[in-house]
Amino acid sequence: MATSDAQWQRVFAAFDRPDLSQDPRFATLLARSANFPALYGSLAEEIAKHDTTEAVARLKRADIPQDSWIRTVRSLQDAAPPLAARRP
């Protein structure tokens, strides 16, 4: 799980959403904590475009600890079923 601002910036970039690091709702730990539903909603759309193996590989390449992310990735993929259904 990402725990620092720098790690979250890498998560955003790993899923092709570096713009989220500039969003005031997600720019700091305090802001992310106050806006978790919106944060996870934004990431769910991007993560759902990838199967679990690819999503975890993206986190690994971004040097993000993946242990707790595997469950999170699966949950976020489930949260966006219409997008997940469109995956090739």
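This passage describes a predicted model of a single chain, with attention to helix H4 and to the residue Arg58 within that helix.

The secondary structure of the chain comprises 6 helices and 0 strands, and the order of the elements from the N terminus is accordingly written α-α-α-α-α-α. Of the 88 residues, 40% count as buried, while the chain as a whole exposes about 5100 Å², of which carbon and sulfur atoms supply 55%. When contacts between residues at least 6 apart in sequence are considered, 59% of them join residues that are at least 24 apart.

The confidence of the prediction varies along the chain. The mean pLDDT is 82, and 75% of the residues reach 70 or more; helix H1 has the highest mean, at 94, whereas helix H6 (residues 81-85) has the lowest, at 47. Over residues 83-88 the pLDDT stays under 50, and for this stretch the model has 9 contacts beyond four places in sequence.

Helix H4 spans residues 52-61. At the start of this helix, the backbone nitrogen of Thr53 has a side-chain oxygen of Asp51 within 3.2 Å, and after the helix comes Asp63, whose phi is positive, near 60 degrees. The buried residues in H4 include Ala55, Val56, Arg58 and Leu59. These residues lie on the same side of H4, because they cover an arc of only 155 degrees around the axis. An α-helix has 3.6 residues a turn, so residues three or four places apart point the same way. On the other side of H4, by contrast, Thr53, Lys60 and Arg61 are exposed.

Within this helix, Arg58 has a relative accessible area of 16%, and since buried means under 20%, Arg58 is counted as buried. Apart from its neighbours within four places in sequence, Arg58 is in contact with Ala14, Phe15, Asp16 and His50. One of these partners, Ala14, belongs to helix H1, which covers residues 5-14. Ala14 has a relative accessible area of 12% and is therefore also counted as buried under the 20% limit. Although Ala14 and Arg58 are 44 residues apart along the chain, their C-alpha atoms are separated by 5.6 Å. Once neighbours within four places in sequence are left aside, Ala14 is in contact with Arg58 and with Ala62.

Notes:
Residues numbered from 1 in each chain as written. Predicted model: local features only at pLDDT ≥ 70, side-chain atom pairs only at ≥ 80, totals over all residues. Heavy atoms only, no water. Helix = DSSP H or I, 4+ residues; strand = E, 2+ residues; numbered from the N terminus. Buried < 20%, exposed > 50% of the residue type's maximum accessible area, 1.4 Å probe, protein only. Contact = heavy atoms within 4.5 Å. Areas by Shrake-Rupley, 256 points an atom, 1.4 Å probe, with all protein chains shown as cover. pLDDT = per-residue confidence, 0-100. Arc of directions from axis to C-beta. Polar contact = N/O pair within 3.5 Å; in protein donor to acceptor, adjacent residues only side chain to side chain.
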